[in-house]
Amino acid sequence: MCRKAISRLGVASAMLLAAAYAYAESPMNVDDAGALDKGGMKIEGVWQKDDKHISGALLFGFSPVDHLEIELGATRDNDMSANPAIKSHGFGVGLKWVPYQNELGWSLGARFDYGQNLAEIGTEHVYELAGLASFRFENGHVLHMNAGRAHLETPGEHVTAWTWGAGYELPLAQGLQVTAEIFGEGGSGPDKAIGLRHEIFDGFKVSAAIGQGNDRSFGQAGFAWEF
């Protein structure tokens, strides 16, 4: 598998699911092993710039039963590397299942995501299955780990790659966290990011992050509201 094709997988994932691996709560790309309580809902929005890609996404999530979260999202993307720029839009659906969930110690789960991107050059499809693990410490620190497999289908090209990630949440003050993470996909170097998340009021958070990897820089700003 060529490096260009693998890199294309990461770009498509970003457009379809609000960032490569960005089904996680902003500003993190590495997802947590946690699901909404039964009957809970959430709305998330994110703006991001990844090299010469500028995109925005809006996501709605809800939990119909215990341990299961369903997410629906829509994206808009401008690829400024092309001349003229390529504009596209997409939608995605995610299923997150966390049967083993604890306030302290290990929580374990899995998720499946599908996304479709509609662009001038054709329709792209992304499928990803990932395992999720989180360890919550008594001092409020949280460790997250992900490992999965992603598949991209574009006109004339199919690409499959392993995906992985590790992230850490560190409380700085009441309602304020710093996040640090490293993540990537098979055949390419890691991406590294650091961010801040602040809870404005109960259930509503704003966040931002910057990162670098694979000869490019990226950043994002977003919000999440659980109710």
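Strands β11 and β12 (residues 216-226) run antiparallel and are joined by 10 bridges, and that pairing is a handy place to start. This is a predicted model, so local features are taken at pLDDT of at least 70 and side-chain atom pairs only at pLDDT 80 or more, while totals for chains, interfaces and linings use all residues. Residues are numbered from 1 along each chain as its sequence is written, and side-chain values use heavy atoms, with hydrogens and water left out. The protein has 1 helix and 12 strands; these are DSSP runs numbered from the N terminus, with helices being H or I over at least four residues and strands E over at least two.

**The whole protein**

- Going along the sequence, you meet the elements in the pattern α-β-β-β-β-β-β-β-β-β-β-β-β.
- The protein has 227 residues, and 48% of them count as buried. Buried means under 20% relative accessible area, exposed means over 50%, and partly exposed is in between, using a 1.4 Å probe and protein chains only.
- Among the contacts with a separation of 6 or more, 48% link residues 24 or more positions apart. A contact here means heavy atoms within 4.5 Å.
- About 11000 Å² of the protein is exposed, and carbon and sulfur atoms supply 63% of that. Accessible areas come from the Shrake-Rupley method with a 1.4 Å probe, and for residues only the protein chains shown count as cover.

**How β10, β11 and β12 line up**

- Two strands count as paired if DSSP finds at least two bridges between them.
- Strand β10 (residues 191-201) pairs with strand β11 (residues 204-213) in the antiparallel sense, over 9 bridges. One spot to look at is K192, whose bridge partner in β11 is Q212.
- β10 and β11 form a hairpin with 2 residues between them, and G203 in the turn has a positive phi of about 90°.
- On the way from β11 to β12 there is another hairpin with 2 residues between the strands, where N214 takes a positive phi near 55°. Across this pair, A209 has Q220 in β12 as its bridge partner.
- D215 sits in the loop between β11 and β12, and has a positive phi of about 60° although it is not a glycine. D215 is exposed because its relative accessible area is 81%.

**How β1 joins in**

- Strand β1 (residues 41-50) and strand β2 (residues 53-62) run antiparallel, with 10 bridges joining them. I43 has F60 in β2 as its bridge partner.
- The two form a hairpin with 2 residues between them, and D51 in the turn has a positive phi of about 60°.
- β1 also runs antiparallel to β12, with 9 bridges between the two. Here W47 stands opposite A221 in β12.

**Two aspartates and a histidine**

- D77 is found in strand β3, and so is D79, with β3 covering residues 68-79.
- D77 counts as buried because its relative accessibility is 4%, and D79 is buried because its relative accessible area is 11%.
- The side chain of H53 makes a polar contact with that of D77 at 3.3 Å, and another with that of D79 at 3.5 Å. A polar contact is a pair of N or O atoms within 3.5 Å; within protein, one must be able to donate a hydrogen and the other to accept it, and residues adjacent in sequence count only if both atoms are side-chain atoms.
- Leaving aside neighbours within four places in sequence, D79 is in contact with K52, H53, A85 and I86.

**L108 and its surroundings**

- L108 has its place in strand β5 (residues 105-119). L108 is partly exposed because its relative accessible area is 40%.
- Not counting residues up to four places away in sequence, L108 touches A33, V98, P99, Y100, L132 and A133.
- L108 and V98 are 10 residues apart in sequence, and 6.0 Å apart in space from C-alpha to C-alpha.

**Backbone oddments in the loops**

- P27 lies in the loop between α1 (3-17) and β1, and a cis peptide bond with omega of about 10° joins S26 and P27.
- H67, in the loop between β2 and β3, has a phi near 75°, a positive value in a residue other than glycine. H67 counts as partly exposed because its relative accessibility is 39%.
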